[in-house]
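User: Please take me through this structure, one question at a time. I would like each term pinned down when it comes up.

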Amino acid sequence: MQHAEPVTVPVDTLLEWYRTLVFCRRFEEQTERSFRRGKIGGYLHVAIGQEAVPLGFLSALRADDVFFVSYRDHVHTLVRGTDPRAVMAELYGKLGGTCKGKGGSMHLFDVARGNYGGYGIVGGHIPLAVGAAYALRYQGTDRVCLCFFGDGAMNSGALHEAANLAGLWGREGLCPVVFVVENNQYGMGTSVERASAVVELARRFDAYDIPNERCDGMDVVGVYEVARRVVEEVRRTGRPYAVEALTYRFSGHGAADLFQPYRSKQEVERWRQRDPILLLERRLREAGALDDHAVREVEAWAEKRVQEAVSFAESSPEPPPEELYRDVYGA
Amino acid sequence: MTEMTYREALRSTLVEEMDRDPRVLLLGEDIGVYQGTFRITEGLLERYGPKRVIDTPISELGFIGAAIGMAMLGLRPVVEVMTWNFSLPAADQILQNAAKVRYFSGGQVSVPLVIRGPNGAGVQLSAQHSQSLESFYGHFPGLRVVAPATPADARGLLRTALRSEDPVIFLEHAALYGIKGPVPEGDDTVPFGQATVVRRGRHVTVVAYSRMLHLALAAADELAREGVECEVLDLRSLRPLDMDTVAESVRRTHRAVVVQEQWPLFGAAAEVAAGIYERCFDDLDAPVERVTGEDVPAPYARNLEKLAFPDEDRIARAVRRVLQ
Ligand SMILES: Cc1ncc(C[n+]2csc(CCOP(=O)(O)OP(=O)(O)O)c2C)c(N)n1
Ligand SMILES: [Mg+2]
């Protein structure tokens with residue numbers, strides 16, 4: 001773990017992050033309810049407990065930077081500023097969704113905001129991000145690319161081939177990519193110890209000469225500090241970097257993961273003590289920037305916004321049959 | 001018209017398009033310093049530099065995936081696979097990302113990517129290195145799949161591929177790199193999804209593509225001596241598949257033979273035959289014949305390999321059968 005760095009984030013920003021975290025949490029909880037009611041189909045992977053990682057990292061990006069994510073992509077999309085109504089409508093399979101209802105939960109995209117999408121094959125998007133980073137330098141820009149993936153993806157061949165290419169191309173300053181390992185301790189029901197010969201995942205990037213470090217993925221301020229430093233270094237050097245953020249998902253792997261025989265209630269409880277919302281709330285209360293009244297206001301605001309997203313999704317039309325045949329080929 | 005080899009047709013088109021469009025860049029194993037396994041990229045590293053002609057490690061999954069990412073960000077990468085056999089480690093990237101990302105993003109991204117290299121069999125490379133993968137890739141919506149048989153089509157189709165907004169599976173054939181043929185001057189293109197009638201004839205339609213076209217033409221020569229006039233069609237594109245041209249021909253000849261280099265099950269020849277039945281059932285005077293490779297992995301021994309793949313005689317025999 002890297003030493004703590006001085007907090008330079010203004011209180012207003014912290015309050016904004018607090019609101020965002022609470023909103024994302026309520027949004028994700030709502031998607032689980034909507035799934036149980038049959039409004040959302042397919043696979044549904046929420047990021048409850050992990051929100052500080054996408055928020056901290058994406059807060060360190062410029063508007064013209066880009067990123068790629070796994071299927072656990074709702075929070076990334078929301079914190080990047082995509083209309084929550086469009087996100088919910090996508091999950092509902094509606095025309096007003098981010099992808100006209102044709103991608104669903106695992107494939108949220110918002111290219112105008114640099115969101116190059118969620119992908120459903122574990123590890124499969126990592127090579128794309130490396131190529132995207134190359135393209136950004138080839139085009140003569142100083143934009144950077146973030147690539148988020150889970151601890152499980154660390155064991156895919158795609159990661160290793162992509163990381164080697166990034167290491168190679170980075171030597172020429174042609175690969176400004178940050179690999180963000182969202183280590184939530186499990187790939188479905190398989191713990192990191194049972195899946196990776198080296199449990200300190202960041203170190204595996206040593207093999208490709210990619211600088212790397214671990215960070216506490218529950219403290220959004222800490223995540224942001226690391227992200228800001230790393231993103232600026234990558235922007236300057238054009239070389240890749242890897243950060244393993246230690247985090248935890250409080251929900252099941254997906255909506256079907258009800259019994260969770262692979263972990264104990266005590267373990268979940270222990271991690272809940274470090275809930276990213278709790279940590280930030282504590283920090284704000286200690287700074288005198290948040291009280292019970294303000295917390296209630298934030299909760300009411302978040303709930304209202306979530307319900308607006310649901311209403312929009314409910315009333316958005318289904319994609320018309322012509323959509324079935326659109327977007328297979330370009331013009 | 002000028003005369004050039006299939007190899008020179010490919011190389012000259014790459015050069016012309018790279019000169020024209022700085023977004024075009026090349027990736028592949030040993031395409032630069034080594035000059036390309038089949039010398040398609042000879043001299044290009046020197047001409048364009050290492051940023052545009054990227055010698056990759058042996059990581060098909062990695063660099064084809066990276067090329068997809070480059071294409072999504074607005075470049076026009078051309079990947080050379082040393083042979084198509086080595087595309088299989090990257091099949092996940094090609095099929096799950098390149099072919100589909102436009103669709104599942106609701107049309108927000110394009111993948112203008114060309115993957116090219118030799119496809120097919122016939123030179124004793126045995127099971128792992130002798131495969132015709134057009135039926136495999138042709139199965140997937142979102143891809144374009146082309147297989148030129150002549151220098152002119154190699155040029156025209158490659159240029160179309162390089163200007164396309166979609167991922168293109170560009171299947172060359174190692175046995176064809178040395179063949180010569182006339183090519184039009186200038187930057188002509190051959191559109192995807194247009195079969196062409198290579199030889200006119202009244203008695204039977206023979207449908208082929210890539211190396212099989214040349215066997216079909218040789219068979220047609222032989223049959224002409226018996227008074228049989230074959231109409232020989234070159235599909236050129238497998239996806240989109242131009243069944244209109246095929247059906248138009250079969251309606252005139254009332255008989256059809258479809259040739260494909262490798263495995264019959266779920267193959268391109270089966271697809272074309274089914275299309276003929278769907279469109280021209282009442283016009284047919286005989287069942288459609290398929291000439292395909294045998295349903296076995298490719299053997300090494302020369303005598304066995306000859307048995308495993310179609311030849312002119314087999315095509316001629318199939319034609320005689322449909323004429324009975
Ligand atoms: C190649 C592949 N194999 C299996 C799956 C099924 N699967 C979906 S998510 C998952 C676990 C991935 O774990 P991790 O990378 O740690 O991400 P997390 O779900 O924890 O965010 C598995 C096995 C898949 N989608 N892709
Ligand atoms: Mg995980």
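Analyst: One term first: a residue is buried under 20% relative accessible area, exposed over 50% and partly exposed in between, using a 1.4 Å probe and protein chains only. This is a predicted model, where local features need pLDDT of at least 70 and side-chain atom pairs count only at pLDDT 80 or more, while totals for chains, interfaces and linings use all residues. Residues are numbered from 1 along each chain as its sequence is written, chains are lettered from A and ligands numbered from 1 in the order written, and side-chain values use heavy atoms, without hydrogens or water.

User: Thanks! Is A:Arg285 buried, exposed or partly exposed?

Analyst: A:Arg285 has a relative accessibility of 33%. That value is why A:Arg285 counts as partly exposed.

User: Which residue in helix H10 of chain A lies four residues from A:Arg285?

Analyst: Helices (H or I, at least four residues) and strands (E, at least two) are DSSP runs numbered from the N terminus. Helix H10 of chain A spans residues 276-286, and the two residues sit about one turn of the helix apart. Their side chains meet in a salt bridge (a side-chain nitrogen of Lys or Arg within 4 Å of a carboxyl oxygen of Asp or Glu), here at 3.1 Å, N to O. The partner is buried at 17% relative accessibility, and the residue asked for is A:Glu281.

User: How far apart are the closest N and O atoms of A:Asp292 and A:Arg285?

Analyst: A:Asp292 counts as partly exposed because its relative accessibility is 45%. A:Asp292 also forms a salt bridge with A:Arg285, with the closest N and O atoms at 2.8 Å.

User: Which residue meets A:Arg62 in a salt bridge?

Analyst: A:Arg62 is partly exposed, with a relative accessible area of 29%. Its partner is partly exposed too, at 32%. The side chains meet at 3.0 Å, N to O, and the partner is A:Asp64.

User: How many salt bridges are there over all chains, and how many between chain A and chain B?

Analyst: Over all chains, the rule gives 55 salt bridges. Between chain A and chain B, the count is zero.

User: How many residue pairs are in polar contact across that interface?

Analyst: A polar contact is a pair of N or O atoms within 3.5 Å; within protein, one must be able to donate a hydrogen and the other to accept it, and sequence neighbours count only if both atoms are side-chain atoms. With both residues at pLDDT 80 or more, the number of pairs across the interface of chain A and chain B is 18.

User: Which element gives the most to the side of chain A that touches chain B?

Analyst: Contact (heavy atoms within 4.5 Å) joins 41 residues of chain A to 45 residues of chain B. Elements giving two or more residues to the chain A side include strand S1 (66-70) and helix H6 (157-171). The top contributor gives nine residues, and this is H5(A).

User: What area do chain A and chain B bury between them?

Analyst: Buried area is the accessible area (1.4 Å probe) that two parts lose on being put together, summed over both. Carbon and sulfur atoms carry 66% of it here, and the total is about 3,300 Å².

User: Which residues in chain A lose the most area to chain B?

Analyst: Three residues together make up 22% of what that side buries. They are A:Tyr138, A:Glu161 and A:Tyr329.

User: Now the metal: which residues coordinate the magnesium ion (ligand 2)?

Analyst: Donors are N, O and S atoms within 2.8 Å of the metal (3.2 Å for Na, K and Ca), and sites may look incomplete because water is not among the atoms. In sequence the donor residues are spaced D-x32-N-x1-Y. The asparagine, A:Asn184, is buried at 5% relative accessibility, and A:Tyr186 is buried at 8%. At 2.0 to 2.2 Å, the coordinating residues are A:Asp151 (OD), A:Asn184 (OD1) and A:Tyr186 (O).

User: What is phi of B:Ser210?

Analyst: B:Ser210 sits in the loop between strand S10 (204-208) and helix H8 (211-224) of chain B. With a relative accessible area of 7%, B:Ser210 is buried. Its phi is positive in a residue other than glycine, near 50°.

User: Last one: where is the residue that follows B:Arg239 across a cis peptide bond?

Analyst: The peptide bond from B:Arg239 to B:Pro240 is cis, with omega near 0°. B:Pro240 lies in the loop between strand S12 (237-239) and helix H9 (243-253) of chain B.
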